[in-house]
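Hi everyone, thanks for making time. I'll put one structure up on the screen and then talk you through it.

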Amino acid sequence: MTKPSLSELLHAAVTAVGGVERPGQVTMAEAVAEVIDDNSHLLVQAGTGTGKSLGYLVPALAHGERVVVATATLALQRQLVERDLPRTVDALSPLLRRRPEYAMLKGRSNYLCLHRLNEGVPQEEEDGLFDQFEAAAPTSKLGQDLLRMRDWADETETGDRDNLTPGVSDRAWAQISVSSRECLGATKCAYGAECFAEMARERAKLADVVITNHALLAIDAIEGAPVVPQHEVLIVDEAHELVSRVTGVATGELTPGQVNRAVRRAAKLVNEKAADSLQTAAETFERLMELALPGRLEEIPEDLGYALMALRDAARTVISAMGATRDRSVQDEDAVRKQALASVESIHTVAERIANGSEWDVVWYERHDRFGASLRVAPLSVSGLLREKLFSERSVVLTSATLKLGGDFNGVGASLGFNGVGASLGLAPEGTEGEDVPQWKGIDVGSPFDYPKQGILYVARHLSPPGREGSRGDMMDELTELVEAAGGRTLGLFSSMRAAQAAAEELRGRLDTPILLQGEETLGELIKAFAADPATCLFGTLSLWQGVDVPGPSSQLVVMDRIPFPRPDDPLMSARQKAVEQAGGNGFMAVAATHAALLMAQGAGRLVRASGDRGVVAVLDPRLANARYGSYLRASMPDFWYTTDRNQARRSLAAIDARAKADGQ
């Protein structure tokens with residue numbers, strides 16, 4: 001029997017999922033197959049509706065070696081594991097004459113821990129463990145969630161938090177889960193043979209396709225402790241999110257509360273002298289943090305430096321002392337010891353990192369109304385880490401609907417200091433030759449949607465530019481008129497929660513249209529309610545810019561209140577901007593404009609989700625039309641028909657609304 005061609009396999013898979021073959025999908029599949037065979041790398045921009053998951057799954061399954069697929073969102077992981085992979089495997093198995101296996105793999109804290117469920121949670125104030133089920137009042141929300149999770153533990157086959165519906169709070173989940181540092185290890189744990197996290201790892205080791213998330217991929221790369229099984233091909237979907245997810249994993253934090261918890265956990269397990277030294281260092285650190293003012297620390301102040309070195313040294317002493325002492329009077333000592341050790345090791349790692357003061361790290365104070373002050377440290381850039389860890393020893397495919405910012409993978413000319421997605425991932429400009437320089441190519445397979453006919457990009461050029469403060473009365477008037485013309489049907493994307501709340505409050509007073517506001521209900525419930533009633537509007541901030549998929553008449557107007565530049569006082573962004581400028585580049589374009597372009601591309605992508613969708617993206621910030629960087633931002637967005645004519649925008653919205661109503665929507 002001859003080997004099936006890629007086009008035969010793709011046709012079978014598309015038919016199985018009930019889709020339609022798209023030219024862009026075929027182009028993508030061929031390009032993915034080529035780089036896998038060449039052991040090179042690919043950046044592929046595939047617009048909404050391309051069917052990109054099959055565009056990479058089919059050539060990856062046909063190749064036959066193990067593939068890891070890393071995604072940013074739970075929604076895409078579910079789509080792959082529950083819909084795309086089962087149908088694709090069923091369709092391809094007869095042609096491939098083998099049945100590829102697939103598995104989901106997440107970080108340990110995403111799985112129910114049977115030890116913690118059955119033996120209890122380490123108690124900080126007293127020796128041993130306590131039964132969290134008895135400690136929580138049965139009538140409280142926490143108590144009810146705990147009881148529900150105990151019942152679920154008897155039924156679940158995976159122990160995966162995301163399979164628990166309805167979900168529970170982070171506080172409730174923390175009662176029955178452990179981090180990798182707190183885990184006793186399968187060989188030492190009485191429940192090791194039944195452990196859900198260990199079973200997930202075993203399934204992943206046997207699978208041909210492993211679905212994971214960006215965070216676990218980052219942990220695997222940064223900590224050097226292999227969690228993801230060996231693989232020949234890595235596919236990063238939603239790749240526009242990768243840099244921020246890796247940065248998040250590589251960010252360290254110290255807070256007085258965290259340090260005090262570590263002191264309490266360790267105190268009963270070490271000698272008095274070691275415990276006292278950590279207690280004294282914690283008190284000094286807490287006093288300093290009471291005076292901390294938010295902002296970047298370009299240099300570590302002398303008093304903070306001494307406090308961090310004292311914390312580091314005291315933590316090291318406690319870690320050594322913990323290894324040398326045993327206390328059989330402590331109930332389930334191994335679990336108590338492991339949690340205490342994890343807390344103290346975390347303090348030691350972050351204190352040492354900040355005290356050492358690497359030029360590649362950014363350090364700053366943050367102050368939270370509820371949680372007080374924290375000291376944070378993050379890498380200035382993760383591009384070197386990604387170049388070293390991501391692109392060696394395997395073929396990598398990175399894909400997203402938004403990878404070409406300003407119309408280019410590299411950025412619009414390195415001499416201008418523009419920073420493309422390629423550079424942020426540690427890739428030299430496409431075609432650059434050299435030893436240890438990853439070879440890659442970028443392709444844009446387009447979108448099946450006819451953006452100029454399906455959508456309008458309207459920029460309200462006549463409005464006053466947004467300032468740092470102020471109510472922007474003319475913007476509220478404009479927003480009201482647009483929502484009215486659209487008959488509701490509006491997704492409002494705001495640059496801050498305060499702006500979203502102010503707009504919701506204002507429009508609730510002016511219009512009869514129902515306005516849903518992020519934070520007033522779970523995001524899933526809000527999106528469901530928004531999709532169910534076309535007359536409804538949904539206002540919110542960052543997660544709505546990227547996480548909403550509502551095709552049809554419910555979302556025919558997408559409004560952005562302003563260009564979403566990072567806050568000028570964001571320590572990490574401003575540090576990155578300054579570093580580009582010191583290297584002779586344009587820091588504003590490389591960092592702030594790139595950040596805004598990515599979000600605007602994602603936000604505008606919420607409008608057209610299906611071939612029948614019609615609507616308007618309205619940007620209520622005149623800088624998109626008037627400023628020099630406006631053309632760069634517009635080039636990053638879908639190619640909608642462009643206008644600054646407010647009357648044209650209103651007429652179009654009213655016509656779209658009338659057509660939807662005539663169709664009974």
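I'll go from the overall build to the surface and charges, and then to the cysteines.

First off, keep in mind that this is a predicted model. The protein chain has 27 helices and 20 strands. If you lay the C-alpha trace along its principal axes, it spans about 75 × 70 × 60 Å. So what radius of gyration would a compact globule with 665 residues have? Near 26 Å, and the protein chain comes out at 27 Å, so the two agree.

Now, inside and outside. Of the 665 residues, 52% are buried. Look at the contacts with a separation of 6 or more, too: 76% of them join residues 24 or more positions apart. As for the outside, the accessible surface is about 29,900 Å², and carbon and sulfur atoms account for 49% of that.

Charges next. The protein chain carries 70 positive and 91 negative ones. Their mean positions are 2 Å apart.

Okay, cysteines. A disulfide is a covalent bond between the sulfur atoms of two cysteines. How many disulfides do we count here? The count comes to 0. Take Cys195 as an example: why no bond there? The closest cysteine sulfur belongs to Cys183 and sits 6.1 Å away, which is too far, because a disulfide needs the sulfur atoms within 2.5 Å.

And is Cys195 buried or exposed? Buried, because its relative accessible area is 18% and the cut-off is under 20%. Cys537 is buried as well, with a relative accessible area of 0%.

That's my tour, so over to you.

Definitions and conventions
Residues numbered from 1 in each chain as written. Predicted model: local features only at pLDDT ≥ 70, side-chain atom pairs only at ≥ 80, totals over all residues. Heavy atoms only, no water. Helix = DSSP H or I, 4+ residues; strand = E, 2+ residues; numbered from the N terminus. Rg over C-alpha atoms; globule rule 2.2 N^0.38 Å. Buried < 20%, exposed > 50% of the residue type's maximum accessible area, 1.4 Å probe, protein only. Contact = heavy atoms within 4.5 Å. Areas by Shrake-Rupley, 256 points an atom, 1.4 Å probe, with all protein chains shown as cover. Lys, Arg positive; Asp, Glu negative; His and termini not counted. Charge placed at Lys NZ, Arg CZ, Asp CG, Glu CD.
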